[in-house]
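Please look over the sequence and the 3D structure before reading on. The report below goes through the chain part by part.

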Amino acid sequence: MPGMRASVPEVGAGWGVFTRLACGMAALGVCVGAVFPYFAELLQVPAEYTRAPAFRFACLGAGLVLGAANWLLTRRVIGTRLRLLATRLTDVAETVGSPLAAGSSAPLPRADLTLPVGAPDDLARTAAAFNAMLAALDRERRFRSVVHSTSDVILLIDPTGQISFVSDSVRDLLGWPADELLGAPPQHLIHSDDLPLLVGEGGTGFDLSSGGLPHVLVLRVRHRDGGWRYLEVTSSDRRTDPVIGAVLLTARDVTERMELQRQLTHQATHDELTSLPNRAAALAQGTELLAARRGEDQVAVVLLDLDRFKEVNDTLGHGYGDRLLAQVGPRLRPLVRDVDMVARLGGDEFLLVLPEMSPTGARAVAERIRAALGAPFLVDGLVLDVDASVGVAVSDDGPTDIDALLRRADIAMYTAKERQSGVEVYDPAADCHDRSRLVLLTEFRRALAEGHLVLHYQPQVSLETGAVVGVEALVRWVHADRGLLSPAEFLPAVERTGLIEPLTDRVLDLALAQARAWADQGLVVPVAVNLSARSVHLPGLPDRVLSRLAAHGVPAELLQLELTESALLAEPEAAQHVLERLHAAGVRLSIDDFGTGYSSMGHLKLLPVDELKIDRSYIAEMTRSPGDTALVRSVVDLGRELGLTVVAEGVEDPATAAALAELRCDVGQGYLYTAPRPAEEITGWLQDRLAVAVTGS
């Protein structure tokens, strides 16, 4: 057994070999001395001499001397070499004891213990065999020293499942002395979660069945201080080896590697700023849930975007924005279940993946989340208010892949942002990305390039004098197969793409070219052009508008730009900056569909606008609905108080026009005067109107 000291057997009591040899030699001398007188008679020595007592005593003495000489020679020649061999064997036995098993002493001093071989006799062969044994012991000692000094731990597990050998490196690796582990089962050192890798089906013993132990496995092993270390264990079944007769395990510390791997995995699947799962992790979770759902199980995704977050970054800096984003996760996590995932997709977008969730439940979660985000955030002593637009999509009988589900949630979120409603559930009617609409966009791109877009114009008439005060330009698409398409049939899809800017530029060019043509004919008519919400926030819009005015030779006061309330509310500071530049250049500005949005009166008075257009939904019922009449009156009074021109859209009968005039509304627009017409038709209408006005005067 390793650790036991080799013992040297002691010589038993009794005569030694050379004592017995001396006695034998003495007896041989006596025999020779006693026999020699008779031998001398055979050599014809006279009997009186051979039989004389003196001669006989002389022969006995000579025999004893000869025996003593042989004994001394044997002791001198053979005994010295045998004593040297015995001394060397004793030294080797003492050296091979405990220090050899421990592998902690220096190599055997071969130069001191080797025997001289000398002449080729039996003793020489014995000396050579001893020297060979010494060399083998030295090689074994060196091997044991390497085994014990390596940083890897080497263990032997005997057929009973106990540790029969462990290298000394186990102390450096796990803090355990080797002798404390000998004879013990390895299970008590293994983490309970990893124990099934080592034990059999019953879970009570080391699995030594054929193929029961993996060749390489990673285990958590208990350190003596109570902590856990990750060890990469390589196993080799050596039970059939007559020398080893056990399972050989080699263990290497891979704790740092596993920790680095864990960190890299965490970084790959989590957002660095918020420590929330990132887009990749959220998509993987959604894919897994959709693939595993059964029966009526539904997966919901809730996508949210922080409103006015850009103002925080622009005003206070990205550092404040980052610290605000870091607070979103802790605010959302308590509002959902443990099985739900809260992830950050990037920027100010966050995603919730909710398994087994109905549309009603998902909307309730979305409402709670939006309410929680509505509470102020405290960042470095500053109280910051943000809001959120939330889109909800549920798998239900819809898409079976997470990308499509996420796209639906994005559409719902965009709808919530447009409507300023806070939370919206996906509605197929609002999806402008289905196949038919993608085809429509492809055709529209070609129509834009080939000049298939035209403008129709609808006059705006003074309710007091009946004079034409302007026209509104309305785009139409001359489709090869479907005929003339109104904006409602293609504009919602176009507004979500980059095509909206080329469309805006084309409409401006067509409208300003017509205004120039009318001016050349003596018809000085202001032209109103609608702007999309995206255009209002582009810093380059004023330069694009002014360059086109200059190119067509149209004074700025003949152009009026109409924009909606929702476009102003999305990013009010950016919109105000753009509008101020346009207004300063002389371009008139109008808020279209007023009353359908959520403008605050305080914000309205700060905008550099010239006109309010009351939405047609209020005008249509005002002669039959006192409530609508009251609303129209309020808007007219507000406009007059702010010094703005008020325009009523959708005027379709004289009674409505009279009611508006009575409320002191400034301008009417609608089918009462004329439907939108192409430029050549509206030109004739304007000329006739002007002729009537001249004749009437």
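What follows is a short report on a predicted model, from the whole chain down to single residues.

## The chain as a whole

The chain has 697 residues, and 42% of them count as buried. Its secondary structure consists of 27 helices and 22 strands. The chain exposes about 35,800 Å², with 56% of that area supplied by carbon and sulfur atoms.

Contacts can also be sorted by how far apart the two residues are in sequence. Among contacts between residues at least 6 apart, 61% join residues that are at least 24 apart.

## Confidence in the model

The average pLDDT of the chain is 80, and 81% of the residues score at least 70. In residues 1-14 the pLDDT is below 50, and this stretch has 14 contacts in the model beyond near neighbours in sequence. The pLDDT is also below 50 over residues 98-107, where the model has 22 contacts beyond near neighbours in sequence. Where pLDDT is low, predicted coordinates should not be read in detail.

## Cysteines

How many disulfides does the structure hold? The count is zero.

Two cysteines can be described by their exposure. Cys31 has a relative accessible area of 48%, so this residue is classed as partly exposed. Cys665 has a relative accessibility of 4% and is therefore classed as buried, because buried means under 20%.

## An aromatic cluster

There are four aromatic pairs in the count. One of them joins Phe444 and Trp477 in an edge-to-face arrangement, with 5.4 Å from centre to centre and 80 degrees between the planes. The two residues of this pair come from distant parts of the chain, 33 residues apart: Phe444 belongs to helix H16 (residues 435-450), and Trp477 belongs to strand S14 (residues 468-479). Are these rings buried or exposed? Phe444 is buried, because its relative accessibility is 0%. Trp477 is buried as well, at 2%.

Phe444 also pairs with Phe490, and here the rings are stacked, with centres 5.5 Å apart and planes 25 degrees apart. Phe490 lies in the loop between strand S15 (483-485) and helix H17 (491-495), while Phe444 lies in helix H16, so this pair ties together parts that are 46 residues apart in sequence. Both Phe444 and Phe490 are buried. Ring pairs thus link Phe444, Trp477 and Phe490 into a cluster.

## Charges over rings

Which ring does the charged end of Arg331 sit over? That ring belongs to Phe377, and the charged end is 3.7 Å from its centre. In another case, Arg323 lies over the face of Tyr320, at 5.0 Å from the ring centre.

## Two buried residues

Leu352 is part of strand S8 (residues 349-355). With a relative accessible area of 0%, Leu352 counts as buried. Leaving aside residues up to four places away in sequence, Leu352 touches a set of residues that includes Ala300, Val301, Val302, Leu304, Leu332 and Ile369. Val336, Met341, Val342 and Val365 are also among the residues touched by Leu352. The C-alpha atoms of Leu352 and Val392 are separated by 9.5 Å, and the two residues are 40 apart along the chain.

Ser395 is in a loop, the one between strand S11 (387-394) and helix H15 (402-419). Its relative accessibility is 0%, so Ser395 also counts as buried. Beyond residues up to four places away in sequence, Ser395 touches Leu290, Arg293, Gln298, Val299 and Leu405.

## Positive phi angles

Where is Asp380 found? Asp380 is in the loop between strand S9 (377-379) and strand S10 (382-384). Although Asp380 is not a glycine, its phi is positive, at about 50 degrees. The relative accessible area of Asp380 is 48%, so this residue is partly exposed.

Arg664, which is not a glycine either, has a positive phi near 70 degrees. This arginine is placed in the loop between helix H26 (654-662) and strand S21 (667-669). Arg664 is exposed, because its relative accessible area is 52% and exposed means over 50%.

Technical notes. Residues numbered from 1 in each chain as written. Predicted model: local features only at pLDDT ≥ 70, side-chain atom pairs only at ≥ 80, totals over all residues. Heavy atoms only, no water. Helix = DSSP H or I, 4+ residues; strand = E, 2+ residues; numbered from the N terminus. Buried < 20%, exposed > 50% of the residue type's maximum accessible area, 1.4 Å probe, protein only. Contact = heavy atoms within 4.5 Å. Areas by Shrake-Rupley, 256 points an atom, 1.4 Å probe, with all protein chains shown as cover. Disulfide = S-S within 2.5 Å. Phe/Tyr/Trp six-rings, centres within 6.5 Å; stacked < 30°, edge-to-face > 60°. Lys NZ or Arg CZ within 6 Å of the ring centre and 35° of its normal. pLDDT = per-residue confidence, 0-100.
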